[in-house]
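Thanks for asking me to look this one over. My notes follow as short numbered points, to be read with the model open beside you.

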Amino acid sequence: MTGAAVYSVVQRDLLYAVIGTGVISLILSILFLFLQAPDVALTEAAIGVALTTIIFIITIRNTVRYEEDSNRHSKPASK
Amino acid sequence: MVGSPVLFIAIPLLAAFLIPLLGFVWKESVRILPGLVLLYLLYLSLTLMEQVVHTGTIVEVIAGWAPPWGINLVFSPLTGLLTTLMILMGFIIWIYSYRFKNIDFQEAVKYFILLLMLITGSVGIVLTGDIFNQFVFIEITSISAYALTAFYKGRDSAEASFKYLMIGSLSSMFLLLAIALIYSQLGTLNMADIAAKAHLMKPEFKILALIFFITGLGIEAEIFPLNGWAPDAYAQAPGPIGAAFSGIVVKAGVYAMIRVMFTLFDVAGTHQFLIVIGIITLIIAEMSAVRQEHLKRMLAYSSIGQMGLVIVAFGIGTEEGVFAALFLMLNHAIIKSLLFLSGSYLVYHSTGKYISEVDGIARNLPITSFLFALGSIAIVGMPPFAGFWSKWSMLTAAAHSNLILIIGLVLSVSLIELVYYFRVLNRIYFFPKKKEVVVKKPTINALLAMGLLGLLILIIGFYPDSVTGYLHAASQSLLDKGKYIHDVLSTGQLLLP
Amino acid sequence: MEFKLFDLSIVEYAFFVTSVLIILIGLYAALVKKTLIKIVIGLSILDAGINLLLISIGYLKAGTAPIFSPALVKNMPLTLENIKKLSEGMVDPVPQALVLTAIVIGFGVTAVALSLVIRLYRHHHTLNIDEIKNLKW
Amino acid sequence: MKKILVLSLLAVFGVYLAEVLFKIDFGHQFFLNGVKDFYLTASPDKLKVANVVTSIVVNFRGFDTLGEVTVLFLATTAMSSILYKGRHKLGERAVLFSSSRIVMTGSKLLFPAIILLGVYVFVHGHLTPGGGFQGGVIIATGFLLMLLSYQDYQVSHVVLSVVESLAGITFASIGLIGLLNGGTFLHNFLHTGVLNNLLSGGVIPIIYIAVGFKVGAELTGLIYTALNEKD
Amino acid sequence: MIYILFSILLGGAILTFLANKISGLLRDTFFLLTMLGATLIFYTQLHIGGLVNFSIGSFNLEWGVNSFSWYFSLIVLGLGTLAAFYALSYMKGKENLGFFYFSFLISILSMLGIVMSHDLISFFIFWEMMTWSSYFMVIYSGKNVQKNGINYILFSAFGAYAMLTAIALVYANIHSLSIVEMISNYGQFSPALQTWIPILFLMAFSVKAAMMPLHVWAPGAYSDSPMAYTSVFSGALSKMGIYGMILIFVTMISHLPDDTWFREVFAWLGAITAIMGTLWAIAQDDARKLLAYSSVAQLGYIITGVAIGTDLAMLSALFLAALHALFKGTLFMAVGAVERQTGTVKFSEVTGLIRKMPWTFIASLLAIIALAGIPPLGGFVGKWMLYESLINSNHYILVIAIFFASTSAFLYCYKFLFGFFLGQEEKEWAHVKEAPALMVVPMLLMAGFLVILGTFPGILLKPADTAMQTLGFAPTEGHLWSMSVLFNAWGDQVLLRPLVYAIAGIFLFFLIILTVKGWKNTRYVTTKDISSSGEVPLEHENLTFSVNFYQPFLRAVGPVMKHRMITWYREFGAGMETIFDFTRRIYTGNGQTYAIYVMVFLVIILLLQNTIFG
């Protein structure tokens, strides 16, 4: 889980980083099951894995995919 | 029984859920409904306040489970006072924004829902007697605040909002950590219960939880190194929302912080700590305000500074100090709201909201300028306006506790404050107009709202006795920790199905 | 400062260690990474860490989930004593309820944050936080 | 430089946090008279709700849930307010990936099943793991599936907001009825029935169903808003 | 009665303000009626010793009149009424008149309030009302607001806050705000408080009295307000500072074990103020500035008198205070008259108005004579008493300093008279007429009163003596002020009246001779033609004699004057602003930096937790 977290922080392709967070959520929900918290596991699985990831992906789709791109086509901030 | 404190939360929520539905039927209702709700709640809070001052704290139990188990709402003289203040400010802000900028219907729906929730969240923070519930209300307030900050599309509002959100997320992280630490030790989330059992906590847990609380709530209360988001958010939010931030949201943040420090834990040194951070906040904020080019940003820094002053007054820790702090909060809410509301009309024509563009605007906007001047003079603490009495009570409280240095500092900072407010006033009244600017005349409802605030300043200024009774009751109820615990935990009727 | 970091009980505390590490990683991303999306990712990782921490605090060794399911009750008459006996073997349900709330709130905040990111990109054509500072001083 | 500063800050923070956390006896409860014992007994005994988490979420700490639903509602409102550009242009949705016929058909088949699963989850919220949130989220994923695979799939905004509002109003009204009926907000004024029956727990399942609808509608609306966002 | 007096002034102020919207005549009527009504009530109805009580904000407020406050009210209302008449004519046709009259009346009200307050809180409130009403006047013209206006309000606020601190300290210690109780309990304060409370109060009062390190607001503020108000500003409002100083010196400082130290410092500050004020006045080209600096100097004498604090010195201070109100009021009015008739107040532009504005000239001549302290006018009596008290209390060096200032004052007095009224008549000013009667009559009235005072100083000395008795001085039994006799330091009796007559006679004689001689030998030469001196003037070069008047003298005192206090303050202010500007860069605009601040804050508390929460 920590590995997934590190991966999604260092990964420069934002899409993969987001998938990384999805993996974190997945592992987290499994951990929740181990910790006898089925309700929370269910919620985390549904929200963390599915919805959060999809919203991130939509955002990336609307902005940029690679971290290096984040300021590449920056024109002077339009006022 | 006139009504129960839970109505302060339930009715606005009901209204917020209703607004989109009603919007399909009658568009105007979207704007009217929040006002009606707030008016009713204002009536309710005033009657409850009267009752509470005479008969003692009302503890409202949710779902029929007695306090340590169920969530409870506490309507004490203190929380009641703040609730009344917040709802009053909310109502005035509603009046002001009733026709604010001809925003289209879809935007109006969102604006009024968010505004209503901003107020409700703040009221919830104050009323609730449960730390996790308080966290939930803080989140409600914050999310509405993020959205309202980013409400205007043309400005850099999204930037301000994002900064706010970043810091706000850190705040909620710290709050959750603190809650986790407390729960791991005491197994309870009820504030009174925690206060009663605080001595059972291991000291390192207690102090770490306190530190997390200070950091988390300090972000909401805008104490110095944590308030980077505040000037941006104040300046970029629409005018009435700036007023709501300084009149409602910060008050809730400061209340939460003070409640944690005064009631929850019995850690030594909190008072001195409050004084130190309060002074730092005060000085840095006022220093930053002096050379400010943007009017609303200047007001924002001034607002932060005033909150620093409030925190210093709380830090004095005596009943007089708390009284002064509450009085300062009350006055600051009224006066700073007036400044934000009138100020946003003064710089309406300026895209950058520059102070240099208000030159000679008094000729076009005489009433707004007059109200702005009234607010400036009052906030600097000149008698016989409202600000003077609170500053005076603060000074006597400090003098009583032999904190002479604080008096000196506070007054020298007041001098700084005076300089930048009067610079703006001079510009408004005496500078020649640079070019023909198209000024926006305030609408009737905006004038009404500002007039009400101006009237309040005068009333409190000339007849401070009108509020001091409530303030005394409130300050006693904050300091009487034993009574708080007793009041909450003795609400023992275990209502069961 | 006494440290049990190298104690054998480290295994027992794996959940705490993991959650603290994840909180720190999330914070690092939020405080150092320049891309707005990375910052938001950091914040959501942070949330995950805190949720794990809360649930671990409520854990009871060899406990059961706090559900009186038919499988658990097994046709026992549900007298108060029986309930008490069963409940002693259950993990703490309160943190679970809290985390349930916290997850949803965290999701709400993330959604708002991402919509702000889209707005910022539309306005500034960049996602670099160092370049988005029109508001300062 | 900044990295080093941040790393050292985080190190201090982490050490202090870990130091204190390690003093928690993991896997053992050590506080006396905590609230959880009461919840664990009162839930099956008084409320006749098998899932204690549900009874906490909906009844003991129902106020939190009301707040939480509000947070989601606000997040939806906030998101559409932030991304609002004037009038929506329909049919210009962002295309994440072009979907094949197989995917389309598959989604069409899966969709009712997912919705049904969601409904099941929140109807049985007081008996089995899961509840309003989980069910609502599952419903939302169902809609998400459809939205992703069919580019011209539209969800009526009116219907969404009506469902959302009605569910919210139901929640708040049940609370207020409780206030009128039993003197406290969210008072459980219905007969609680027998443990592990579907019709048990008084108002708890009703509230959870309302929550389910509300969450489902809100999340669907949220995703819909996000998906309709396009430069 | 005090209620009625105050409500008349407050109500009149508001009515005047509102009437401005309806008609100018109505406004003027209201204004005049208010002033006259207040004055009438004051003289006929107010009883010395009456007290009224009421409470506000859980404070008990107490107002009353004693002979000490009566004396100062007399100055305020006397000068105020005359200035009101003057203002009607002076202000005619200007903008925002409702605002002007409103502020005028409020400032009169607040000054009366100050002297009639018997508790600290209403004292402070009236003090602040006085500050902002006079601030409105300073910024009325709209010129130099950002500079002079801010200066004025900043210094006033500084003083006010010092006072507020003192009041808070007093309140925290004795739980009462009554001035009487403060004085009677003063002995019980801790030694530190016994020193600091008077110092803090004196800071507030010396700002208003324009004492040396705190005087820099005065020239700008005096010269920027409309002249109709400046006469009150300089004449009466600054006396509020003197009022407070007297109170503090008599009731507190004199009870201190080491009060000589205090007295010496303040006496010297007063003397230095007098000298520097005089020197600066000499250098001015603007008549308003000249008078402003002269006011600063005159207040310096009074402060010295107050600080010395013997019977005679106090008496002379009180006498000079009233006198200063009279002559400075007259002079500012005269400048106002010139300004109104010619449109300028620069000596280098206006000359030779003596024939155009003879009455103004006569009034200012008399006022100047009084100012310079030349017999036979009142100024002489006051200064004489001051010198005598200084010599009696062995302050010989102080006498020299004061005498230096006093004689140097002749220079600017002469400059004032000569610059405006004497010299060549310029064609440019041929059309100038005498000011309207409403303006001239108040000036002449005051000037006339100055003449009377020169011979019969008892008219003022008697109430001043009564006032001093209220403060606990022994009655002076008349021998100090018995109209005709003055004691000098060596115990000889000098008959004042013959002396006065003798000097007046000499003066008249020379005047007649000079006039007659001058009449015969007058020859018109334009002041701007100096080609006969062999110089070729440039075009547009102003060559009036008033340019570089007293150049040699100024060159001589130049080194002293090089260091202007105001530049120090300005540099201090600029330095502070630079610091402030630097400070706000903490808010870098980068959200991430703010987040790092949060972590830094957290870590600092974490590391210091044992110190903070130990």
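**Notes on chains C and D**

1. Starting from the N terminus, the elements of chain D are arranged α-α-α-α-α-α-α-α. That makes eight helices and zero strands for chain D. Please keep in mind while reading that this is a predicted model.

2. How spread out is chain D? Its radius of gyration comes to 22 Å, whereas the globule rule gives 17 Å for 231 residues; the value for chain D is well over that, so the chain is more spread out than a compact globule. If you would like a feel for the dimensions, the C-alpha atoms of chain D fill a box of roughly 60 × 60 × 35 Å along the principal axes.

3. Next, burial and contacts within chain D. Of its 231 residues, 58% are buried. Counting the contacts in chain D between residues at least 6 apart in sequence, 72% are between residues at least 24 apart.

4. Now to where chain D meets chain B. Which chain supplies 48 residues to this contact, and which supplies 50 residues? The 48 residues come from chain D and the 50 residues from chain B. On the chain D side, the helices that each supply at least two residues are H1 (2–21), H2 (35–47), H3 (52–60), H4 (62–82) and H7 (157–182). Helix H4 of chain D gives the most to that side, with 15 residues.

5. You may also want the chemistry of that surface. The side of chain D that touches chain B is made up of 23 nonpolar, 19 polar and six charged residues.

6. Chain C is helical too, with five helices and zero strands. Along the sequence, its pattern reads α-α-α-α-α. Here the globule rule gives 14 Å for 137 residues, but the radius of gyration of chain C is 22 Å, well over that figure, so chain C is more spread out than a compact globule.

7. The box for chain C, again taken along the principal axes, is roughly 65 × 40 × 25 Å for the C-alpha atoms. Within chain C, 65% of the 137 residues count as buried. As for contacts in chain C with a separation of 6 or more, 67% of them involve residues 24 or more positions apart.

8. To pull the main points together for your own notes: chain C has five helices and chain D has eight. Chain C is more spread out than a compact globule, because its radius of gyration is well over the globule-rule value, and chain D is likewise more spread out than a compact globule. On the side of chain D that touches chain B, H4 of chain D is the helix to look at first if you want the one giving the most residues.

Note on methods. Residues numbered from 1 in each chain as written. Chains lettered and ligands numbered in written order. Predicted model: local features only at pLDDT ≥ 70, side-chain atom pairs only at ≥ 80, totals over all residues. Contact = placed C-beta atoms within 7 Å. Helix = DSSP H or I, 4+ residues; strand = E, 2+ residues; numbered from the N terminus. Nonpolar A, V, L, I, M, F, W, Y, C, P; charged D, E, K, R; others polar. Rg over C-alpha atoms; globule rule 2.2 N^0.38 Å. Buried ≥ 20, exposed ≤ 12 C-beta atoms within 10 Å, placed from the backbone.
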